[in-house]
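Dear colleague,

Please find below the structure I wished to pass on to you. My notes on it follow directly after.

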Amino acid sequence: MSKDVERPSEQQLANILRIVLGPPEDWDEEDADFVLEVNGIDPAEAPSRLAQLIQREIESRMQRGEELPAGLSDWHSRLIKKTEMKDEPFLEAMRRIKEMFAAGRLLDITPNRVIHVHGRRVKKLTEDDKKILKEYAAELLNEDKDTLDQR
Amino acid sequence: MPQSMDISPEHFARALIEFLDVDLPFKFADIAGDLGLRLRQVPSTGFDGALLRVAGSPQGIIVVRESIPEPASKRFTIAHEIGHYVLPGHETDCSVCTERDVRLSRKNADRLEQEANKFAAELLLPAATLSTIVHERGLSLKTCKSASKLFQTSLTVTAIRCVEVSERKAAFIESKNGVVRSFAKSRSWKGHIDWGGEVGSGALARQLSVGGETEKRGRVEPMEWIWGQTGATLMEESMLMPSYSSVLSLLIFD
């Protein structure tokens, strides 16, 4: 009769991890992912819940007046970043950014080529200012024309 | 994309950082090539920065006034122009054509400028990272100064962001000659500060001077800052910015 593989209890597992990796605040990203995998959690799917847990741990330590280990805060920041990455608006923004800079995008543009200018803290443009802008606008249009010709 | 999805300028800023895979604070020279952008410093007098781009094409030139004194302000101006470059609606919705007059309605122009400012603030000072710093070190001018050095951003922009990401009831105010010029509030503080209002004579901000004390911290009566408000004192930290003749004040309401 085969014997079931013994699985350590949660406490035993925590002790083993602590011995192997040190205290949680010293874990780096790879260590943290390893701990999640050992516990049967996909690191890519877990950041939101973990970020909340760590946030609570940080708040509780602060309330007790304890100093926050740098590793804990770093880990928290990384998890927040991962969580945000999973947000739909972020993913949609990412898709658009990638599309904007995708190779070959120039082929899709309309022939009606216009130079657009957005200014910051624009007062009244002087003649010299207009000259500067026209100069660079011409440079840009010429380059763009060359690019289109080459295609 | 569903109509209801709200993609903010901040989302685009975070996505761009991720897309470029850069660590903060980054140098614009390191990302300009990937964005198809070139940077030119020019002797302009009528504008701080401008973006010239070809419609529908990922290439452009950012021109920045070379006489902007602080590198941090220059960085913000460049980040602002990158916002115009990347954000949807900034390309076709409105523009100032180099050979035409301004054809923007003021309202629309303001909206676009605000969006570009939000984008720039998140690009240079990501809320997730900054909130951790503010959470750990506490909201204070000292924290704002160290974050300003860390992210290479101006103290004013950094202080505004620190207040915005803070969980405390707080406000940041810039005053000049005892008059409120601009302010920002944390989400949790619902009070009101009058733009153009006079700062009370008992406020620490009124006690700073060149040649005297340039920085002060202490508790003051709320009515020194908020007209008609009484009650518990608030913590004020004020700092004189001699080059601008202005005072930056951080108010924390407990």
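I begin with one residue of chain B. B:Ser186 touches B:Val163, B:Ser166, B:Arg168, B:Lys169 and B:Ala170, leaving aside residues up to four places away in sequence. Please bear in mind throughout that this is a predicted model.

B:Ser186 belongs to the loop that runs between strand S5 (179–185) and strand S6 (215–220) of chain B. Although placed in a loop, B:Ser186 is buried, with a relative accessible area of 2%. One of the residues it touches, B:Arg168, also offers a polar partner: the backbone oxygen of B:Arg168 is 2.6 Å from a polar atom of the B:Ser186 side chain.

Another residue in contact with B:Ser186 is B:Val163, and B:Val163 is among the buried residues of helix H7 of chain B. This helix covers residues 155–165 and is mostly covered, eight of its 11 residues being buried. The buried residues are B:Leu155, B:Val157, B:Thr158, B:Ala159, B:Arg161, B:Cys162, B:Val163 and B:Val165.

H7(B) packs against helix H5 (residues 127–137) of chain B; the angle is about 80° and the axes are 9 Å apart. Because angles of 65 to 115 degrees count as roughly perpendicular, H5(B) and H7(B) are described as roughly perpendicular to each other. From H5(B), the contact is made by B:Ala127, B:Leu130, B:Ser131 and B:Val134; from H7(B), it is made by B:Arg161, B:Cys162 and B:Val165.

In H5(B) the buried residues are B:Ala128, B:Leu130, B:Thr132, B:Ile133, B:Val134 and B:His135. B:Leu130 and B:Val134 thus appear both in this buried set and in the contact with H7(B). After H5(B) comes B:Gly138, which has a positive phi, near 85°.

B:Cys162 of H7(B) raises a further point, which you may wish to have settled before planning any work with thiols. Why do B:Cys144 and B:Cys162 not form a bond? The sulfur of B:Cys144 has its closest cysteine sulfur in B:Cys162, at 4.0 Å, which is too far for a bond, because a disulfide requires the two sulfur atoms to be within 2.5 Å. B:Cys162 is accordingly in no disulfide. Over all chains, the count of disulfides is zero. Both cysteines are buried: B:Cys144 has a relative accessible area of 0%, and B:Cys162 likewise stands at 0%.

Finally, here is an overview of each chain.

Chain A contains six helices and one strand, in the order α-α-α-α-α-β-α from the N terminus. Of its 151 residues, 35% count as buried. Among its contacts between residues at least 6 apart in sequence, 51% join residues at least 24 apart. Chain A exposes about 10,400 Å², of which carbon and sulfur atoms supply 51%.

Chain B contains seven helices and eight strands. Of its 254 residues, 56% are buried. Residues 24 or more positions apart account for 49% of its contacts with a separation of 6 or more. The exposed area of chain B is about 11,700 Å², and carbon and sulfur atoms supply 49% of that area.

With kind regards

Conventions:
Residues numbered from 1 in each chain as written. Chains lettered and ligands numbered in written order. Predicted model: local features only at pLDDT ≥ 70, side-chain atom pairs only at ≥ 80, totals over all residues. Heavy atoms only, no water. Helix = DSSP H or I, 4+ residues; strand = E, 2+ residues; numbered from the N terminus. Buried < 20%, exposed > 50% of the residue type's maximum accessible area, 1.4 Å probe, protein only. Polar contact = N/O pair within 3.5 Å; in protein donor to acceptor, adjacent residues only side chain to side chain. Contact = heavy atoms within 4.5 Å. Areas by Shrake-Rupley, 256 points an atom, 1.4 Å probe, with all protein chains shown as cover. Axes fitted to C-alpha atoms, helices over the stretch in contact; angles between N-to-C directions. Parallel < 35°, antiparallel > 145°, perpendicular 65-115°, else oblique.
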